[in-house]
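Please look through the structure shown here and keep it at hand while reading the report that follows. The text moves from one chain to the other, and then to the places where parts of them meet.

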Amino acid sequence: MRMPAAFRRRGVANHAALIAASAIVVVPVVWVVAAGFRTQISLLMGAFWFTPILANFNEVLFSKTSDFLVNYRNSLVVGLTSTALCLVTATLAAWSLHRMRWPGWVVHVFLGWALVFHMIPPIALAGAWFTMARAVGLDSTLLSLVLAHTVLNLPMALWLMGVYVRDVPVELEEAARLDGASTPTLLWRIVVPIIAPGLAAAAVLSFVFSWNEFAVALNLTIKATATVPVAIAKFAQDYEIRYTQMAASAALSILPALVLLLIAQRYIVKGLTQGAVK
Amino acid sequence: MAAVPRRSGDDRMWRWAIFSPALLLMLALSVLPLANLLLTSFYDVTWAHGQAVWTPLGLANYAALSDDALFRAGLVNTVIFAVCAVGGQMMLGFLLALLCCRVTRGQVLYRTVFILPILIPGIVVGAIWKLMLNYDFGLVNQAIGLLGFAAQDWLGTPQTALASVILVDIWHWTPFCFLLFLAGLESLPQDVYEAARIDGASIWQELRYVTLPLMLPTIMVTFVFRLMVAFKVFDEVYLLTGGGPGTATEVLSFTIYQRFFTENRVGYGAAMSVVVIFLVSVLLVIGLSARKRAAVAA
């Protein structure tokens, strides 16, 4: 089928605009990742061509003065643990609220509160969390950050899992009940398999948000428990900024995001758009 | 009671058992700290010999807020930031989504590229643009140098600092708006468009009278969602400017951080947090009622 010329021209213009926008998105990232492979002098001179070196990555990862590997491990531990906790509590609560017989006000108050809580700047709560953690002897532990990230991601997970839980056919749950399934069996055998795509979406988002979170991590951690964003922020505060090392650690910090972008893009898109379009 | 259809699993014990973890988490980590914050806001807390000394102040902390130039600057800048950044993101995002849903090939590739900034940590976005906007070697100054313009100290000049932070935020979050709008556009019914085309509607008429009204719910949701996050902005400002130069990029979250953590004025910082939370709640109520009105209109 031949398209009319005007149609084809518009197609070309569309692509041109989209490619320009893609360049604006990609060029800064590529340029900074490339800066991680440069010497400080080459970066300062602004030379276009350079011979890539690995010294910055070496320094960031393996030097005695750098804690980056510890930061990376902390971020992974906090991200994975808080995601698991968040997913379990949110899914159970979403199913309970939407599928069991609660008075209407309980559902509304709880979900409404979650929405208000989601709007509050986390920094406003960090101080209170810090005081509470110290009161129970959890200050500057990874556990305090895990709990903080769990509750920060809870509204998002509740909302997302609510959308999926409501899609599970009631008839299916009733049929399982008639067959004598207990609540745990019903959840594990019937509900979880059906909402698995929702769980994946919520898991990816929850992990990414935890990995990226800075304001709370800055105030709840010390040197030994600092996460990746906290470590990167330190670079910018040094009297003499080590730009190329900052670039190298920035490049390392977006690795998990890149991996997820490649293997779990479907779920990222689902998770981000589900609430808005439904 | 008997008329209510039996829904699965309405036995009391399980209902509570599976709801309680989330409930406890919320009570312990959101209700309790807020109560703590509210209480603290009426006190002056100082430390002497490793002990917290609480001096009741009544409403003095709140009264002091109105004279706090930093707080006022934070409030004004946050509003400017939120309005400009979210407005820019939504318009650009909508335009790109319109373009992208019309192309037949490469859509997945464009979408992959546009998701990238959403996944990058805010602090790393800050680091990227601190390098990009660097006076001596930043790519931005190099690029405008090639075009014959003089290098600018984007983040160090009061006139350009806030605009730069806004542009960085637009870079960071336009893709998010794009993604939501693209999903919205793709879920629109096609028959309406065919009808419009048969009636001879121009591209602009189609946009004005078909696409925009149908997209209104998605647009409102995106707007409310983005505004909520824009109001909390902290990471980028922390890394790019630290609120400076002067108070040019001072935003609310950063003011709270400075008063609470840097200056250790716990009571005063708490009062400031309470006021910000109150403002945010008002914003939420306005946003929700606007959404309801939009839903009724659509």
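## Two domains in chain A

The domain assignment of chain A, in what is a predicted model, gives domain 1 (5-57) and domain 2 (66-277). The C-alpha centres of domain 1 of chain A and domain 2 of chain A lie 32 Å apart, and contact between the two involves ten residues of domain 1 of chain A and seven residues of domain 2 of chain A. On the side of domain 1 of chain A that touches domain 2 of chain A, the elements that give two or more residues are helix 1 (5-35), helix 2 (40-45) and helix 3 (55-62) of chain A. The largest share of that side, three residues, comes from helix 1 of chain A. Sorted by kind, the residues of this side of domain 1 of chain A are five nonpolar, four polar and one charged.

## The two chains as wholes

Chain A has 14 helices and zero strands, whereas the secondary structure of chain B comes to twelve helices and two strands. Read from the N terminus, chain B runs α-β-β-α-α-α-α-α-α-α-α-α-α-α, which places its two strands directly after the opening helix. The table sets out some overall values for each chain.

| Chain | Radius of gyration | Compact globule of that many residues | Extent along the principal axes | Buried residues |
|---|---|---|---|---|
| Chain A (278 residues) | 24 Å | near 19 Å | about 75 × 70 × 30 Å | 45% |
| Chain B (298 residues) | 24 Å | near 19 Å | roughly 80 × 80 × 30 Å | 42% |

For chain A, then, the radius of gyration is 24 Å, where a compact globule of 278 residues would have one near 19 Å; for chain B the value is 24 Å, where a compact globule of 298 residues would again come near 19 Å. The contacts within each chain can also be sorted by how far apart in sequence the partners are. Among contacts in chain A between residues at least 6 apart in sequence, 77% join residues at least 24 apart, and in chain B the corresponding share is 71%.

One pair in chain A shows how residues that are separated in sequence can be brought together in space: L147(A) and L85(A) are 62 residues apart in sequence, yet their C-alpha atoms are 8.5 Å apart. L147(A) lies in helix 7 (residues 142-165) of chain A, and L147(A) counts as buried because 23 C-beta neighbours lie inside 10 Å, where the cut-off for a buried residue is 20 or more.

## Where chain A and chain B meet

Between the chains, 77 residues of chain B are in contact with 80 residues of chain A. The largest share of the side of chain B that touches chain A, 13 residues, comes from helix 1 (residues 12-40) of chain B. The residues of that side of chain B divide into 54 nonpolar, 15 polar and eight charged.

## Covered helices and the nonpolar core

Two helices, one in each chain, are mostly covered. In helix 12 (residues 243-253) of chain A, eleven of the eleven residues are buried, among them Y243(A), M246(A), A250(A) and L252(A). In helix 5 (residues 122-132) of chain B, eleven of the eleven residues are likewise buried, including V124(B), A127(B), I128(B) and W129(B).

These two helices are linked through A250(A), which touches V124(B), A127(B) and I128(B), as well as V32(A) and I232(A), when residues up to four places away in sequence are not counted. The largest nonpolar core has 158 residues, and those with the most contacts inside it are A90(A), M161(A), I232(A), A250(A) and I128(B). Helix 7 (residues 158-186) of chain B gives the largest share of this core, 16 residues. Domain 1 (5-57) and domain 2 (66-277) of chain A both contribute residues to this core, so the core lies between them.

## How far to trust the model

The model scores ipTM 0.89 and pTM 0.90. The mean pLDDT of chain B is 87, and 95% of its residues reach 70 or more. Over residues 1-9 of chain B, however, pLDDT stays under 50, and for these residues the model has 16 contacts beyond four places in sequence. Where pLDDT is low, the predicted coordinates should not be read in detail.

Notes:
Residues numbered from 1 in each chain as written. Chains lettered and ligands numbered in written order. Predicted model: local features only at pLDDT ≥ 70, side-chain atom pairs only at ≥ 80, totals over all residues. Helix = DSSP H or I, 4+ residues; strand = E, 2+ residues; numbered from the N terminus. Rg over C-alpha atoms; globule rule 2.2 N^0.38 Å. Buried ≥ 20, exposed ≤ 12 C-beta atoms within 10 Å, placed from the backbone. Nonpolar A, V, L, I, M, F, W, Y, C, P; charged D, E, K, R; others polar. Domains from an automatic or database assignment. pLDDT = per-residue confidence, 0-100. Core = buried A, V, L, I, M, F, W, Y, C linked by C-beta atoms within 7 Å.
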